[in-house]
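Biologist: I'd like to learn how to read side-chain features in a model. Could you walk me through a few of them?

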Amino acid sequence: MRSYEPQVIPGLLETEEYTRALIRSALVRAEPEEIERRVQARMARQEILTRSDPPEIWAVLDEPVIRRPVGGPAVMRAQLQHLIDVTAAPNSTITLQIVPLAIGSHAGLLGPFVIMDFPSSEDPSVVYLETATDGLYLEEAAEVERYTLMFDHLRASALSTTESASFIDRVAAEMT
């Protein structure tokens, strides 16, 4: 899975408290039970990362994603530490890069997207675009190719994985 996110941490990489704060702010007027149901559903989806064959995830995040104190400084510090931990874990299948604000305009400014690749060559890659009320799957080869090229340009614009981890660590230390 290749993912670009300009606004929030990808769901598979979120801590429970970050998820709760995010859903609480996004679901205006939602009942506490609905918020909790969604939080638990997202946490259950993360179990895919503990399988014997977890998916390869390459996430590229815009700098504001790691600077936005979702849930407050303590929740965000824990979230940033979680990102460092999951990418540095032995045999981690998660690659994370940050696109710094100093880059200026780049290939991902039109919004978030996920490219899902499948083990079988009979199952072609699919692009997923999420909206506030639904999701859109793009399956046409030309569309997938366009998003793949965008992702490649984003990776090239981003800090290296080592630089990204150091950057996240510095931002976490700045959270007060």
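Biologist: Let me begin with charges: with which residue does Asp152 form a salt bridge, and how far apart are the closest N and O atoms?

Modeller: Keep in mind that this is a predicted model. Asp152 forms a salt bridge with Arg155, and the closest N and O atoms are 3.4 Å apart.

Biologist: And how are Asp152 and Arg155 placed in helix H5?

Modeller: Here is the general idea. An α-helix has 3.6 residues a turn, so residues three or four places apart point the same way. In this case, Asp152 and Arg155 are 3 residues apart in helix H5, about one helical turn. Asp152 is partly exposed, because its relative accessibility is 31%, and Arg155 counts as partly exposed at 30%.

Biologist: Over which ring does the charged end of Arg155 sit?

Modeller: Over the ring of Trp58, with 4.7 Å to the ring centre.

Biologist: Which salt bridge in helix H2 joins residues about one turn apart?

Modeller: Look at Arg38 and Glu34, whose side chains meet at 2.6 Å, N to O. They are 4 residues apart in helix H2. Arg38 is partly exposed at 37% relative accessibility, and Glu34 is partly exposed at 24%.

Biologist: What does the salt bridge between Glu14 and Arg42 tie together?

Modeller: Glu14 belongs to the loop between S1 and H1 while Arg42 belongs to helix H2, so this pair ties together parts 28 residues apart in sequence. Their side chains meet at 2.9 Å, N to O, and both Glu14 and Arg42 are buried. Gly11, also placed in the loop between S1 and H1, touches Arg42 and Gln46, leaving out residues up to four places away in sequence.

Biologist: How many salt bridges are there in the whole structure?

Modeller: A search finds 11.

Biologist: Now the aromatics. How is a pair of aromatic rings described?

Modeller: By the distance of the centres and the angle of the planes. This structure holds 3 aromatic pairs. In one of them, the centres of Tyr4 and Phe113 are 5.9 Å apart with the planes at 40°, so the pair is tilted. Tyr4 is in strand S1 and Phe113 in strand S4, so the pair ties together parts 109 residues apart in sequence.

Biologist: Are Tyr4 and Phe113 buried or exposed?

Modeller: Both are buried; for Phe113 the relative accessibility is 2%.

Biologist: And how do the rings of Phe113 and Tyr147 meet?

Modeller: They meet edge-to-face, 5.0 Å centre to centre and with 65° between the planes. This pair links strand S4 with helix H5, 34 residues apart. Tyr147 counts as buried because its relative accessibility is 18%. Tyr4, Phe113 and Tyr147 form one aromatic cluster.

Biologist: Let's finish with the nonpolar interior. Which residues have the most contacts inside the largest nonpolar core?

Modeller: Leu61, Ile66, Leu80, Leu83 and Ile168, in a core of 27 residues. Elements that each supply at least two residues include H1, strand S2 and helix H6, while H4 gives the most, with 6 residues. Setting aside neighbours within four places in sequence, the contacts of Ile66 include Leu61, Leu80, Leu83 and Ile168. There is also a second, separate core of 14 residues, and Tyr147 is among them, along with Val60, Met150 and Ala158.

Biologist: What covers the buried residues of H1?

Modeller: The cover includes helix H2 and helix H4. Among the buried residues of helix H1 are Tyr18, Leu22 and Ile23.

Methods: Residues are numbered from 1 along each chain as its sequence is written. This is a predicted model: local features need pLDDT of at least 70, side-chain atom pairs count only at pLDDT 80 or more; totals for chains, interfaces and linings use all residues. Side-chain values use heavy atoms; hydrogens and water are left out. Rings of Phe, Tyr and Trp (its six-membered ring) pair if their centres lie within 6.5 Å; planes under 30 degrees apart count as stacked, over 60 as edge-to-face and the rest as tilted. Buried means under 20% relative accessible area, exposed over 50%, partly exposed in between (1.4 Å probe, protein chains only). A charge sits over a ring if NZ of Lys or CZ of Arg is within 6 Å of the ring centre and within 35 degrees of the ring normal. Contact means heavy atoms within 4.5 Å. A nonpolar core is a set of buried Ala, Val, Leu, Ile, Met, Phe, Trp, Tyr and Cys residues joined through side-chain atoms within 4.5 Å. A salt bridge is a side-chain nitrogen of Lys or Arg within 4 Å of a carboxyl oxygen of Asp or Glu.
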